[in-house]
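Me: Could you take me through one part of this protein slowly? I'm new to reading structures, so plain words would help.

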Amino acid sequence: MTSYSLRNASPAKTKTDAVVVGVLQGGDGPELADGGDDVAKAYGRKLRPLLSTLGVTGKAGEVTKVPTGDTVASPLLVLVGLGKEVTPAGVRRAAGASARAVTNAASVALALPASTPDLVRAVVEGHRLGGYAFTTYKKDAKDPKDSAPAEVVVLSPAARKKDAATALDEAQVVADAVATTRDWVNTPPGDLRPPAFADAVAAATKAATKGRGAPKIGITVHDEASLAELGCGGILGVGAGSDAPPRLVELTYSPRGAKHHLALVGKGITFDSGGLSIKPAQGMHEMKSDMAGAAAVVQATLAIAALGLPIKVSTFVPMAENMVSGNATRPGDVLRIYGGTTVEVLNTDAEGRLVLADALVRATEQEPDTILDVATLTGHMVVALGDKVAGVMGTEAVVQDVLDAALAAGEEFWPMPIPEHMRERITSSKIADLAQHDWIRWGGGLYAAAFLREFTAGLPWAHLDIAGPSFASGGPSGHVTSGGTGVAVATLVDYARALVAKG
């Protein structure tokens with residue numbers, strides 16, 4: 001297990017296997033960023049010609065490794081691009097890239113900009129997540145923890161300040177939560193069907209509450225019999241085609257002194273074949289990631305509890321496998337959502353909103369101050385925003401608070417509207433209260449949000465559609481690695497922090 005520590009020391013004189021320094025794109029050429037001043041001084045006039053010879057530009061994501069000889073104490077200098085200015089987001093990406101550039105090193109010094117708690121946090125989260133790897137199913141692969149550095153020293157002029165030390169500790173909690181979210185998303189869908197996923201959440205909750213001083217987190221797991229008794233027709237309807245029965249997991253964290261109550265709801269479709277409205281074969285293997293919202297809200301809840309934030313959190317995680325069989329829900333069927341609202345199913349591949357509807361109504365019964373739901377909900381949002389930006393919509397003030405939290409967390413969200421005319425579309429069913437889907441080509445992501453809003457009882461609410469950034473199909477970039485990304489975990493934690501800060 002890697003040990004992270006803060007130290008106020010010269011990067012040129014700190015003896016580790018490698019020292020990482022940030023590079024900025026300057027008007028007169030690349031220059032070392034804050035944190036690398038002593039390294040620049042050690043190289044003196046040789047630095048600019050060296051950077052020029054190596055083709056270093058300082059462009060964000062650029063990584064260059066330089067053997068140092070006796071110029072500085074560490075034998076390897078790793079230069080990582082920060083772009084044109086120092087920002088927490090840029091530092092987080094650079095730290096992530098540097099983690100993959102130095103492998104099998106026993107010790108690493110990170111001399112990236114780290115003069116404030118926000119930057120310390122960015123360095124630690126970026127490095128810890130950039131070195132993430134999912135190797136569980138590799139025959140000869142080593143545990144990533146075995147190849148990670150035993151010691152990582154974050155060099156910071158604020159090392160002796162309490163808020164910087166707190167930032168380092170809290171960053172590790174959040175990074176671990178993101179990493180576990182990635183593990184769950186990356187697990188093959190046959191090994192994480194709804195009962196197994198519910199067991200994994202129960203095991204993680206038990207581990208989080210074990211030991212002296214650990215937080216208390218309540219957990220209830222509703223099986224198919226309990227769901228039928230409750231009348232959760234959305235979850236049961238989506239799970240009807242699978243021989244792995246659905247689940248609804250509910251978590252409660254209620255610390256003393258809590259002045260705010262936050263409800264989190266996460267879509268947990270452990271595999272989405274599309275049901276009878278079956279998906280094309282191409283890309284279906286990535287539908288194991290359709291439970292990324294559920295994984296995110298669970299791990300955010302456990303992280304909030306681990307950080308001891310004085311905020312009550314009620315979390316609802318509907319889990320189902322959307323499969324094809326003779327028992328599967330048919331287009332044209334009508335489902336009765338928990339609470340009584342009826343929904344006509346017109347496309348079984350728009351299943352996420354059905355399981356979320358049950359969970360949202362359950363959440364409203366707890367009378368929280370705010371509800372946030374997180375879901376890989378619509379391909380429409382990917383078309384609108386691409387695969388790296390999530391959409392957020394709902395109550396205007398809540399949406400703005402989510403955007404502020406995402407900025408602090410280094411995640412990209414963008415506000416989207418819910419036009420009032422969408423209600424005409426979702427109430428267009430001739431036989432039920434609501435139409436789950438329609439076949440108008442445009443605005444499907446907005447339609448889905450309008451549908452979900454019907455189940456929020458008018459409470460302050462925001463819907464986070466993470467369909468694009470939840471799974472990275474290509475290569476790693478910065479601190480985001482291939483496969484499950486763990487997006488939204490850090491944003492949810494920062495949202496809770498902001499609520500606490502409001503008092």
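What follows is a close look at the annotated positions and the helices around them. Where does R353 lie, and which residues does R353 touch?

Reply: Sure, let's start with the record and work outwards. Keep in mind that this is a predicted model. The unreviewed UniProt entry has an "active site" annotation, and that annotation covers K279 and R353.

R353 is your residue, so find helix α11, which runs over residues 352-364. R353 sits in that helix. R353 counts as buried because its relative accessible area is 5%, and the cut-off for buried is under 20%. Now look at what surrounds the side chain and backbone of this residue. Leaving out residues up to four places away in sequence, R353 touches L377, T378, Q436, H437, Y447, A448, F451 and L452.

Hold on to Y447, A448, F451 and L452, since they bring us to another helix. They belong to α15 and take part in its contact with α11. Helix α15 covers residues 444-453, and it packs against α11 at an angle of about 25°, with the two axes 9 Å apart. Angles under 35 degrees count as roughly parallel, so α11 and α15 are roughly parallel to each other. Their crossing is right-handed. On the α11 side, the contact is made by R353, L354, L356, A357 and L360. Sorted by class, this contact has 8 nonpolar residues, no polar ones and 1 charged one.

What about the other annotated position? K279 is in a loop, the one between β11 (268-272) and α10 (292-306). Setting aside its neighbours within four places in sequence, K279 is in contact with D272, S273, G274, M284, M287 and D349.

Now go back to α15 and follow the chain onwards. A loop links α15 to β19 (461-465), and A457 is in that loop. Here's a small oddity worth pausing on. Most residues other than glycine have a negative phi. A457 has a positive phi of about 55° even though it is not a glycine. At 61% relative accessibility, A457 counts as exposed, because the cut-off for exposed is over 50%.

A488 makes a nice partner for that story. A488 is not a glycine either, yet it has a positive phi of about 90°. You'll find A488 in the loop between β21 (483-484) and α16. A488 is buried, with a relative accessible area of 0%.

Step into α16 itself, residues 489-502, and you come to D494. D494 is buried too, with a relative accessible area of 8%. Not counting residues up to four places away in sequence, D494 touches R121, A405, A408 and A409.

R121 leads to one last pair of helices, as R121 is among the α4 residues that meet α3. Helix α3 (residues 88-101) and helix α4 (residues 117-130) pack at an angle of about 35°, with their axes 7 Å apart. This crossing is right-handed. Among the α3 residues in the contact are P88, V91, R92 and A95, and on the α4 side you can spot D118, L119 and R121, among others. By class, the contact of α3 with α4 has 7 nonpolar, 5 polar and 5 charged residues.

To come back to your question: R353 is in α11, it is buried, and several of the residues it touches, including Y447 and F451, are part of the contact that α15 makes with α11.

Technical notes. Residues are numbered from 1 along each chain as its sequence is written. This is a predicted model: local features need pLDDT of at least 70, side-chain atom pairs count only at pLDDT 80 or more; totals for chains, interfaces and linings use all residues. Side-chain values use heavy atoms; hydrogens and water are left out. Helices (H or I, at least four residues) and strands (E, at least two) are DSSP runs, numbered from the N terminus. Buried means under 20% relative accessible area, exposed over 50%, partly exposed in between (1.4 Å probe, protein chains only). Contact means heavy atoms within 4.5 Å. UniProt positions are given in the numbering used here, feature names are shortened, and annotations may be inferred rather than shown by experiment. Axes are lines fitted to C-alpha atoms, for helices over the stretch in contact, and angles run from 0 to 180 degrees between N-to-C directions. Angles under 35 degrees count as roughly parallel, over 145 as roughly antiparallel, 65 to 115 as roughly perpendicular and the rest as oblique. A crossing is left-handed if the near helix is turned anticlockwise from the far one by less than a right angle, and right-handed if clockwise. Ala, Val, Leu, Ile, Met, Phe, Trp, Tyr, Cys and Pro count as nonpolar, Asp, Glu, Lys and Arg as charged, and the others, Gly among them, as polar.
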